[in-house]
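Work through the exercises below with the model open beside you. Try each task before reading its solution.

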Amino acid sequence: MFGPGQGLYWFIVFALLALISGLLFLIIPFFLAPRRRSAIKEDTFEAGQLPPGAKRIRFALQYYAYLLLFLLFDVTIMFLFVWAYSFFGEGRYGFAYPLALIAVLLPPLIYAVKLSKIKEMW
Amino acid sequence: MTETPRGDFFKTFRIVVTIVFLASTALLLYMLYGPAMSVISYFLRDPQAFLVDPLFMVLIFPGLTYAGLVAYLAIWGERKFAAKVQNRVGPLYAGALPGGILQNIADLVKILFKEVIIPRDSDKPIFILAPVFAFIVGSLPVVLVPYSPTYVILDFPVGLILFFVFTAFYPLVLLLAGWSSNNKFSFIGSLRALYQQASYEIPLFLSALAPVMLAGSLRLVDIGSAQGSVWFILVAPISAIVFFTSILAELEKYPFDIPEADSELVAGWLTEYSGVPYLLYQFGAYIKMVAYASLFTVLFLGGWAGFAFLAPEWWMVIKVAIVVTIVISTRAFFPRIRMDQLLSAGWTKLIPLALLSLASLVVLQMLGLLAFLR
Amino acid sequence: MTRLDYLLAIAILAFTSLMALLALESKSLVYGAVSLSGFFLGLSLFFFELGLLYLGVFQLLVYVGAVSVLILFAVMVIGHTPRKPTVGRFGGLGFLGGLFIALAAVFAGLAMLFSFLDLAVDTILQSLIYIGPVVVLLAFAVLFRGEPRGRSSYRFEAFGVLGAFLIFGSFLGALSYLGSLSVFSGDVTFSMADVAQSLLGQYGLLMVVLGLLLASAAFGAVALAKKEKEEK
């Protein structure tokens, strides 16, 4: 169908098999399992002392910088994969550009690591 | 008592799911009909050909049956191994076979009979579908990893990157699962799991660059075939170590167990899941482990290269078994490291190590020492 | 181009456009963000269809794997205030989606009919590109003229019309263009070496400059987020 030939057909078959077995697993308890609903079963599960309200979510933002960095490096990886692929090939392109790219991304990395260590700032 | 403000929507949702299920089953049967008929017709005449038929590959080896079997044995093995190390016996009594190997089947049967509890005010469609997506995203990478140049279901020219695509999909599912539980602890747990996964994806990709450099290709079959003379782990050992560590983090195995740990925010992002949804997550995670172990073998342990007295596929199976054993043994050996230690280790230690390994490869190439690979 | 390929192309187009519509019109921001990642997935299917494997996998890896995650993360953490219902339960989706699907079905059916009858599909489709969106606009103007009725307000629909215009027009344009693609006759050679040559040769410096841009963006984002917390 598209691109690289017959293997994709079987990829779709496999994906369908995974989807169907997943849905099957979901549907079977519908027939086999009891359904005795009660208010307490459907409460949110909480254990221990609840920290005060809004702070709970803020506290989880401490490592937000890492997520941004992840995006940056993800884009860089794009470039690096191409470079690695052509490493041995005809006319190697040297490593100046990849090196520059990585060097450019190091300051944000250091900044992010430093900031994430300070809990109060979040 | 429990109001269901979206009751109509839920009924519609169930109908839609049933339709999707029936439609995909129909489509699957339609797609399988032709190949199945031809396989049956020549199976009796020429059994050898059956062994390399794509249908066999998808269903049995290295597809569903094989991956499922290895995952099954891995679950049992992990429990048994951890038990022995902790001076316990682990699974023992289930069924007639020794060693409690049938324990998993017993657990499966039990789980199928468990009531599926959906939290009130949770986002029901996402809550129910997230495990299915986790299962699909976890099991699809199996398609990509070759067990020999002939035993590969999808031989994609950029196969390695496609594998990593499935790695990248997982955080999405994670976020949806934790958020849809309508439980602050679950949500924070999923955020932490997200940080962990995102932080270790980069070292994973960076360390996988080394085999790409050495083999000069992004096709997994090429990378495996390029290790005929020497395994890449000997040429780029640091990359192999970084890759393996990142695998442990991506799979949420010890010592990177924080998102799933029992004493951390209850059970992290999986808190509200019980019964079959939980089963889908866990089984998907173990099949993902099989896929990752196979990938590690292809990238660093020489793939199917081995002495000639065994077929290449068997070498692959043996190596994958060893890798899986090492992965599951971490449960018994490692304590859990703290979240901030975990994240800073990923960013400040693993990434420089991976880059160092790449730099060393560049140096080796400039010194002309890598000529034997060509 | 076999009939199956044609159907596949239509399916991918319909999926992508539908995801885009959902992303715009969902009442819940999280559903919108998830639909957006579905849209990115559809885009990558386009790339695969055109034989651009490298672009396709990186679209998946970066957009669905990183950008969607960030958007979803932001939406979930910040929370959302539900929009005031404008048009029924699904925002504008019900109307636009239904209209889109109906028109797409009509035109796809016509195209299938013409290809069965071996008529000149391309010219017919190309003329439809220009007529189709105009038809949509006119139908909309006719049906929803005048002041808002009852509880519903159709003010958002103006943007919806523009969106439908663009989506549908590109849908038809893509359909007519696909007829001339060689990928469906099966002889597309994907060359990673070409990609390597241009990225590392011509555009190498550009990549580094883009890296600088990204790095400064990251600095800014982190600094902004941090300061907001301090002020609270």
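**Exercise 1. Lay out the elements of chain C, then of chain A.**

Solution. Start at the N terminus of chain C: the elements run α-α-α-α-α-α-α-α. That comes to eight helices and zero strands. Helices (H or I, at least four residues) and strands (E, at least two) are DSSP runs, numbered from the N terminus. Chain A reads α-α-α-α along its sequence, with four helices and zero strands.

A note on the source: this is a predicted model, in which local features need pLDDT of at least 70, side-chain atom pairs count only at pLDDT 80 or more, and totals for chains, interfaces and linings use all residues. Residues are numbered from 1 along each chain as its sequence is written, while chains are lettered from A and ligands numbered from 1 in the order in which they are written.

**Exercise 2. Find the buried share and the long-range contacts of chains A and C.**

Solution. First, burial. A residue is buried if 20 or more other C-beta atoms lie within 10 Å of its own, exposed if 12 or fewer, and partly exposed in between, with C-beta atoms placed from the backbone. In chain A, 40% of the 122 residues are buried. In chain C, 35% of the 232 residues are buried.

Next, contacts. Two residues are in contact if their C-beta atoms, placed from the backbone, lie within 7 Å. Take the contacts in chain A between residues at least 6 apart in sequence: 65% join residues at least 24 apart. For chain C, with a separation of 6 or more, residues 24 or more positions apart account for 72%.

**Exercise 3. Describe how chain B meets chain A.**

Solution. Count both sides: 68 residues come from chain B and 54 residues from chain A. Helix 8 of chain B gives the most to its side, with 14 residues. Now sort the chain B side by class: 46 nonpolar, 14 polar and eight charged. Here Ala, Val, Leu, Ile, Met, Phe, Trp, Tyr, Cys and Pro count as nonpolar, Asp, Glu, Lys and Arg as charged, and the others, Gly among them, as polar.

**Exercise 4. Describe how chain C meets chain B.**

Solution. Here 17 residues of chain C touch 14 residues of chain B. Helix 3 of chain C gives the most to the chain C side, with 13 residues. By class, that side has 14 nonpolar, three polar and no charged residues.

**Exercise 5. Characterize the packing of helix 3 of chain A on helix 7 of chain C.**

Solution. Two packed helices are described by the angle between their axes and the distance between the axes. Axes are lines fitted to C-alpha atoms, for helices over the stretch in contact, and angles run from 0 to 180 degrees between N-to-C directions. The axes of helix 3 (residues 64-85) of chain A and helix 7 (residues 192-202) of chain C come within 9 Å and cross at roughly 115°. The residues in contact include Trp83(A) from helix 3 of chain A and Leu199(C) from helix 7 of chain C. The class count is nine nonpolar, no polar and no charged.

**Exercise 6. Which residues touch the most other members of the largest nonpolar core?**

Solution. A nonpolar core is a set of buried Ala, Val, Leu, Ile, Met, Phe, Trp, Tyr and Cys residues joined through C-beta atoms within 7 Å. The largest has 205 residues, and Tyr66(A), Phe81(A), Val173(B) and Val290(B) touch the most other members. Helix 8 of chain B supplies the largest share of this core, 20 residues. Leaving out residues up to four places away in sequence, Val290(B) touches Ala67(B), Val70(B), Ala71(B), Val142(B) and Val324(B).
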